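Please look at the model below with its ligand in view, and keep in mind one question while reading: where is empty space left in the protein?

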Amino acid sequence: DNHKPARLFFAVQPANTIQKQLGNLAKKLAIEWGGRCIKPDNIHLTLLFLGETKMDKIDLLRTAVTNITGKRFDLTIQKTGFWKRNQIIYAHADTYPPELFSLVDAIKNTLRDSGFKFDDRAYKPHITLVRKTTLYTPPETLQPIEWPVKEWLLMQSKQTDQGIRYIILDRWQLH
Ligand code: 2AM
């Protein structure tokens, strides 16, 4: 159904091994602190949240971003944090490479030029691990996780009987 909006976002996803590692950490933290852990398959780092987008806009969206040339970068995930306001425990890095912010800026600029509307608040990179936690005292000391980022994705968030599922709609390589 082309007129039914889809919940879309751009993101990067780590290899399965890293998803499992972070997924296990999420499970452990949810048991310790309460809340709902993110399933390993759903572990990701959002670049830009678009929200409800009409399916017939997706081709335009793809075309708009296809000429973005981003550079590869490495992330080192070594910490956990807590946002009391939205009740999430997340994993994050001490510092993020400029290539990540350049990619996010390029996506935002391109989409703005193409007339798309999106949340334009400052980008705060984070990997959500647990939702609906009311109290958490970070940080959890992690063995640093090295994540080489080689591609970025357009994803759809779907509500299913088994909970939220993410579907990859398109992917672009970094160089
Ligand atoms: P979150 O994990 O901090 O909730 C899919 O929902 C992805 O888009 C999640 O990574 C989510 O971040 C992110 N996102 C960003 N802005 C959002 C918003 N206004 N509503 C829901 N998800 C949002």
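On a 1 Å grid over the protein atoms alone, a pocket is an open set of points where a 1.4 Å probe fits, with protein on both sides within 12 Å along at least five of seven lines, and its lining residues have an atom within 4 Å of a point. Grid points are joined across faces, edges and corners, and a volume is the space filled by probe spheres set on the points.

This is a predicted model, in which local features need pLDDT of at least 70 and side-chain atom pairs count only at pLDDT 80 or more, while totals for chains, interfaces and linings use all residues. Residues are numbered from 1 along each chain as its sequence is written, and side-chain values use heavy atoms, with hydrogens and water left out.

| Pocket | Volume | Lining |
|---|---|---|
| Largest | about 1,400 Å³ | 40 residues |
| Second largest | about 230 Å³ | 16 residues |

The ligand takes up the space of the largest pocket, where a molecule counts as sitting in a pocket if more than half of its atoms lie within 2 Å of the grid points. Arg7, Thr46, Phe49, His126 and Arg131 are the lining residues closest to the centre of this largest pocket. In the second largest pocket, Gln13, Pro14, Ala15, Asn16 and Glu151 lie nearest the centre.

Polar contacts, pairs of N or O atoms within 3.5 Å, link the ligand to the protein: ligand oxygen atoms lie 2.6 Å from a side-chain N or O atom of His126, 2.5 Å from a polar side-chain atom of Thr128 and 2.9 Å from one of Arg131.

Technical notes:
A polar contact is a pair of N or O atoms within 3.5 Å; within protein, one must be able to donate a hydrogen and the other to accept it, and residues adjacent in sequence count only if both atoms are side-chain atoms.
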